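User: I have a structure here and some labels attached to it. Please take me through the reasoning behind them.

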Amino acid sequence: MRVLVVDDSQAMRRVEREVLSELKDVEVIEAEDGVSAIYKMRDLDFQVDLILADWVMPRMDGLSLVKQLKSHPSLNCIPILMVTSCSDEARMRQAWSAGVDGYLLKPFTKEIFLQALFSLTAEVPLQAGGGEEEQAKGDGDGKSFLYEVG
């Protein structure tokens with residue numbers, strides 16, 4: 001499985017990459033913003049299985065990336081998990097309307113991160129764990145989740 005991690009924070013990309021590297025048969029590609037993500041996807045002939053995108057980034061933010069990808073008929077099936085610290089409900093609604101498949105609030109635990117990945121693709125094995133404070137909220141379609149760590 002090929003995962004594109006899009007975040008302007010090198011530290012955040014490293015955190016996500018480290019968790020993903022523990023999973024079997026996962027290739028991680030990194031981009032520092034939406035523009036770089038589009039170029040990397042072109043280099044890979046758009047063969048990406050999952051995209052993890054931050055919202056706030058220079059050049060092209062995560063919402064613009066989501067809108068661009070979801071408007072393209074051959075790319076709109078790629079699951080996109082918005083991984084962001086933007087907890088404002090209006091922004092969350094914007095993301096859902098744009099077509100994100102999941103919304104993960106930073107900071108998060110490894111277990112919640114893995115649960116969010118598993119909710120978007122059956123190829124990612126769900127690892128047991130999680131504390132009492134962790135909550136997962138679905139929007140009823142069985143696919144989209146908002147993960148919060150309280």
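Analyst: Start with strand 5. G102 and L104 point one way from the strand, Y103 and L105 point the other way, and all are buried. This is a predicted model.

User: What makes the two directions in strand 5 unsurprising?

Analyst: In a regular strand, side chains alternate between the two faces of the sheet. Strand 5 follows that, with G102 and L104 on one side and Y103 and L105 on the other.

User: Where else do residues point both ways and stay buried?

Analyst: In strand 3. L50 and L52 point one way, I51 and A53 the other, and all are buried.

User: How do you know that strand 4 and strand 5 pair?

Analyst: Pairing needs at least two bridges. Strand 4 and strand 5 have four, so they pair, and they run parallel. One of the partnerships is L81 with G102 of strand 5.

User: Which strands does strand 3 pair with?

Analyst: Strand 1 joins it in the parallel sense over four bridges. There, L4 has I51 as its bridge partner in strand 3. Strand 4 also pairs with strand 3 in the parallel sense, over three bridges. A53 stands opposite M82 of strand 4.

User: Why is the unit of strand 3, helix 3 and strand 4 called right-handed?

Analyst: Point the strands away from you. A path from the first strand over the helix to the second that runs clockwise is right-handed. Strand 3, helix 3 and strand 4 make a right-handed β-α-β unit. Strand 4, helix 4 and strand 5 make a right-handed β-α-β unit as well.

User: What is the pattern along the sequence?

Analyst: β-α-β-α-β-α-β-α-β-α-β-β. That comes from five helices and seven strands.

User: What makes the largest nonpolar core a core?

Analyst: The members must be buried nonpolar residues, joined through side-chain atoms within 4.5 Å. This one has 28 residues. L4, V6, I51, L65, L69 and Y103 have the most contacts inside it. Elements giving two or more residues include strand 1, strand 2, helix 2, strand 3 and strand 5. Helix 3 supplies the largest share, four residues.

User: What does I51 touch beyond its sequence neighbours?

Analyst: Leaving aside residues within four places in sequence, I51 is in contact with L4, V6, M41, L69, I78, P79, I80 and L81. Apart from this core lies another, of 20 residues, among them M12, L23, A116 and L120.

User: Why is S36 called buried?

Analyst: The cut-off is under 20% relative accessible area. S36 has 9%, so it counts as buried. S36 sits in helix 2. Leaving aside neighbours within four places in sequence, S36 is in contact with A31 and R59.

User: What covers the buried residues of helix 2?

Analyst: The cover includes strand 1, strand 2, strand 3 and helix 3. The buried residues in helix 2 are G34, S36, A37, I38 and M41.

User: What happens at the start of helix 2, and what just after it?

Analyst: At the start, a side-chain oxygen of D33 reaches to within 3.0 Å of the backbone nitrogen of V35. Just after the helix, D45 takes a positive phi of about 55°.

User: Why is D25 called exposed?

Analyst: Exposed means over 50% relative accessibility. D25 has 60%, so it counts as exposed. D25 lies in the loop between helix 1 and strand 2.

User: Why is R59 called exposed?

Analyst: R59 has 61% relative accessibility, so it passes the exposed cut-off. R59 lies in the loop between strand 3 and helix 3.

User: What makes the backbone at D25 and R59 worth flagging?

Analyst: Most residues other than glycine have a negative phi. D25 has a positive phi of about 60° and is not a glycine. R59 is not a glycine either, and its phi is near 60°.

User: Where is the cis peptide bond?

Analyst: Between K106 and P107, with omega about -5°. Most peptide bonds are trans. P107 lies in the loop between strand 5 and helix 5.

User: How many residues are there, and what share is buried?

Analyst: There are 150 residues, and 46% count as buried. The protein exposes about 7,500 Å², with carbon and sulfur atoms supplying 47% of that.

Methods: Residues are numbered from 1 along each chain as its sequence is written. This is a predicted model: local features need pLDDT of at least 70, side-chain atom pairs count only at pLDDT 80 or more; totals for chains, interfaces and linings use all residues. Side-chain values use heavy atoms; hydrogens and water are left out. Buried means under 20% relative accessible area, exposed over 50%, partly exposed in between (1.4 Å probe, protein chains only). Contact means heavy atoms within 4.5 Å. Accessible areas come from the Shrake-Rupley method with a 1.4 Å probe; for residues, only the protein chains shown count as cover. A polar contact is a pair of N or O atoms within 3.5 Å; within protein, one must be able to donate a hydrogen and the other to accept it, and residues adjacent in sequence count only if both atoms are side-chain atoms.
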